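Visitor: I'd like to poke at the labels people put on a model like this one. Can you walk me through the reasoning behind them?

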Amino acid sequence: MKIAEDWYLTGFQSLTGRDILDEGIKMKPNVKNYRTKLGDKEIIIETGKLAGQAGGAVTVQIGDSVIFCAATMGDVREGLDFFPLTVDYEERMYAGGRIPGSFFRREGRPTSEAVLSARMTDRPIRPLFPEGMRNEVQIILMSLSADGENPLDVLCINAASASLMISDIPWAGPVGAVRIGYINGELVINPTFSEMEESKLDLVVAGTKEAIAMVECGANEVSEQVIIEALELAQKSIQPVIEIQEQMAREIGKQKRDVERVSKDESLTEQIKSSVNDRLLDILKQPYSKENLYGGIKELKEAVIEENISGKEEELSDAELKALKKVIGNAYDDAEKSIIRDRILAERKRPDGRGPEDIRDIWCEVDVSPRAHGSGLFTRGETQVLTLATLGTPKEAQELDNLIPTETKRYMHHYNFPPYSVGETGRLFTNRRSIGHGMLAERALVPVLPDETEFPYTLRLVSEVLASNGSSSMASTCGSTLALMDTGVPIKRPVSGVAMGLVKKDDNYVILTDILGMEDHLGDMDFKVTGTTEGITALQMDIKIKGLTTEVMAEALEQARKARLFILDKMLETIAEPRAEIKDIAPRIEIIKVPIDKIGAVIGKGGETIRSLQEETGTKIDINDDGTVYIAAIDGEGFKLARERIERLTEEVEIGHIYTGKVVRVTDFGAFVEILPGQDGLVHISQLDTNHVAKVTDVVKEGDEITVMVTNIDNQGRVRLSRQALLEGWTLEEAQAQDSANNKKGGSRGGSGGRHGNNRSRR
């Protein structure tokens, strides 16, 4: 057995079990270690130590970041008509020396970042499995160590590829993956998290030896030329990783298992293609609507199935008849795909009659929801997305509990795809696709958002897909730009997006702009591009073929640039720039600064002060550790009152200033007056009135309000007050001189007096 071979002991066969126990000899794993370079960093791939019963298991390491991956193949599940590949990334908090922040203190459902890493791993490896394979394949990735500098997502792709290469699973890899940054005008291979803070580009590329297979990118308005140069650098950089995986397969790879594959009946497909060619072309030539096209194709398919089973109903059992219908239906699907693709390649005619670069009709609207803080409706052909925006305070930012250095996120974009958007019924839930599309639109818009110091809001945008026939993620980007401008968010520039497709046969290919759902399904590429007039902000590319050259991608990027600028012009006809002011229903946020040592005075014991402030003023108040206070309110009066109260809470007592305060304690030598929240001072009995005062209570009682002047603050912070100074109309100097004279006469009687002479702790 191969598993047994992986665990060895020199001379083991000559020893008995007793000998082993007596000698204290232990079995050790046959660990294999492979090293190469990814950019200027060493990447280490190790196998043989962990998970010996998996189909293939490796760890991949850069720095102190380590990913474990196990790839295993099961049997064929009954009744499946698709390839059941699953890729899961288990993000373990112990890898970063952290305990999960959930109530249960254990990892729960995957974070958005984990979902994206799993999707990004799935996309380049899926097209390389044998066509027609139906065995269940499961790839499980797990973080073992996260050093906070070297990202784990790129390691996931390389680990999945390496584990498949040495496994018994049939697969036409390997692939390699790398991240490319753009810092100070230079492309950087495999930048760290800290380097990425300065980068204008976050580009992850996966590819084979010959071509690029997957692209995921966020960019700060980077030109197409820089993107092409980065893609070429990425393709070159992954070659050592690919070579080392090929070496692993030669040296330690298991023999690939034979799997049963669902074969296509080519002769039946050709027969059906011949019989339906003219009828399908007639449908494609009719005036286009999704209902007419899909309805006509459905009727044609049903007719073809009936034609091919006619006369066989009595000869076959129900099960055999059902199986035959499925075979004929699959052959029809293949024939339909071939006819539509051939038409695109030969005539450059698309299913809806458009040419390769034509964009569907576009119309837009803003201010759709009266109570949302902003809304944008974007309709392109039969795809329609409504995005609604909400503004919140800084404390409403999302707290992240994952293995990346970023702890909070002030901009959130969520994407919902209900079944009615494609005319179906079904369950409402958030799946990986929805998370991925939401993050793509989020990534597209982050570069144009104003800085928090300029616009101190948390923003949440939700894109509701109301109708879909392709490119709904790009419609979400466009609708979100409209919503942000309708809200009054001062974005740097508006962003638009477009999805590009490809039909390729041998060396002949056609790049398609603004693809339909059918073109996504029948085509070879889904390449989403977003950007402004100044450059690209996000990219995402998935392909169904083994790879694309940078020349084809350069052509697609240029065609996309023209398209997104055309779409942007259509959007700007509806709203040309962000509104000058946010809407009345949205909260206004005002920023004030308080001394750091006064933060506690605003918060109060157990948050009591800040809670009462918010309740009494109808505001939301957030305080940062640096003393920045954010006051959010719908009306100006709430602002004014909250600001005054906070200023009062944090004001410093100043000599010579006049305050009106409450008498909080009376002694025989004077009265203590709270002149600011938590701060009081002593009015000596000699300073209470213009005439001699025999007894303090003859003038004031506890709870009375009096107006006083601050005449002195000693080196212990004790405050001296005078009421007489105001009654006599004295200047500060005159008040200080009079107080000093009284002290020399022995009138002090208690000095500044005990605890109440100090700035008191919060009451």
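**Empty space, then helices**

Guide: Sure. Searching the whole structure turns up three cavities of 30 Å³ or more. Keep in mind that this is a predicted model.

Visitor: What makes the largest cavity a cavity, and how much space lies in it?

Guide: The label applies because a 1.4 Å probe fits there but cannot get out. The space in the largest cavity comes to about 70 Å³.

Visitor: Which residues line the largest cavity?

Guide: Its lining is made of Ile62, Asn150, Pro151, Val154, Leu155, Arg179, Asn190 and Pro191. By class, that gives five nonpolar, two polar and one charged. Arg counts as charged and Asn as polar, so Arg179 is the charged one and Asn150 and Asn190 are the polar pair.

Visitor: What volume does the second largest pocket have, and which residues are closest to its centre?

Guide: Its volume is about 1700 Å³. Of the 47 lining residues, Asp202, Ile404, Thr406, Arg443 and Val446 are the closest to the centre. Among the elements that give two or more residues to this lining are helix 3 (112-125), strand 12 (212-222) and helix 11 (432-445). Helix 3 supplies the largest share, seven residues. Sorted by class, the lining has 23 nonpolar, eight polar and 16 charged residues.

Visitor: Helix 11 came up there. How do you know that its length agrees with what a helix should span?

Guide: Its 14 residues should span 20 Å at 1.5 Å a residue, and the end C-alpha atoms are 20 Å apart, so the two agree.

Visitor: And what makes helix 11 enclosed?

Guide: Of its 14 residues, 10 are buried, so the rest of the structure largely encloses helix 11. Those buried residues include His437, Met439, Leu440 and Glu442. Among the elements covering them are helix 3, strand 17, helix 12 and strand 22 (525-531).

Visitor: Why is alanine 441 called buried?

Guide: The cut-off for buried is under 20% relative accessible area. Alanine 441 has 0%, so the label fits. This residue sits in helix 11. Leaving out neighbours within four places in sequence, alanine 441 is in contact with His413, Ser476 and Thr477. The C-alpha atoms of alanine 441 and cysteine 478 are 8.8 Å apart, although 37 residues separate them along the chain.

Visitor: How many residues of helix 12 are buried?

Guide: In helix 12, 16 of the 16 residues are buried, so this helix is largely enclosed by the rest of the structure. Helix 12 covers residues 472-487 and reaches 22 Å from first C-alpha to last, close to the 22 Å expected. Glycine 488 follows helix 12, with a positive phi near 100°.

Visitor: One more label: is serine 237 buried or exposed?

Guide: Buried. Its relative accessible area is 8%, and the label needs under 20%, so serine 237 qualifies. Serine 237 belongs to helix 6 (residues 224-237). Setting aside residues up to four places away in sequence, serine 237 touches Leu38, Val178 and Ile189.

Visitor: What makes the link between serine 237 and leucine 233 a polar contact?

Guide: The distance settles it. The side chain of serine 237 reaches the backbone oxygen of leucine 233 at 2.7 Å. The limit is 3.5 Å between N or O atoms, one able to donate a hydrogen and the other to accept it, so this pair counts as a polar contact.

Notes: Residues are numbered from 1 along each chain as its sequence is written. This is a predicted model: local features need pLDDT of at least 70, side-chain atom pairs count only at pLDDT 80 or more; totals for chains, interfaces and linings use all residues. Side-chain values use heavy atoms; hydrogens and water are left out. Helices (H or I, at least four residues) and strands (E, at least two) are DSSP runs, numbered from the N terminus. The expected span of a helix is 1.5 Å times one less than its number of residues. Buried means under 20% relative accessible area, exposed over 50%, partly exposed in between (1.4 Å probe, protein chains only). On a 1 Å grid over the protein atoms alone, a cavity is a set of points where a 1.4 Å probe fits but cannot get out, and a pocket is an open set with protein on both sides within 12 Å along at least five of seven lines; lining residues have an atom within 4 Å of a point. Grid points are joined across faces, edges and corners, and a volume is the space filled by probe spheres set on the points. Contact means heavy atoms within 4.5 Å.
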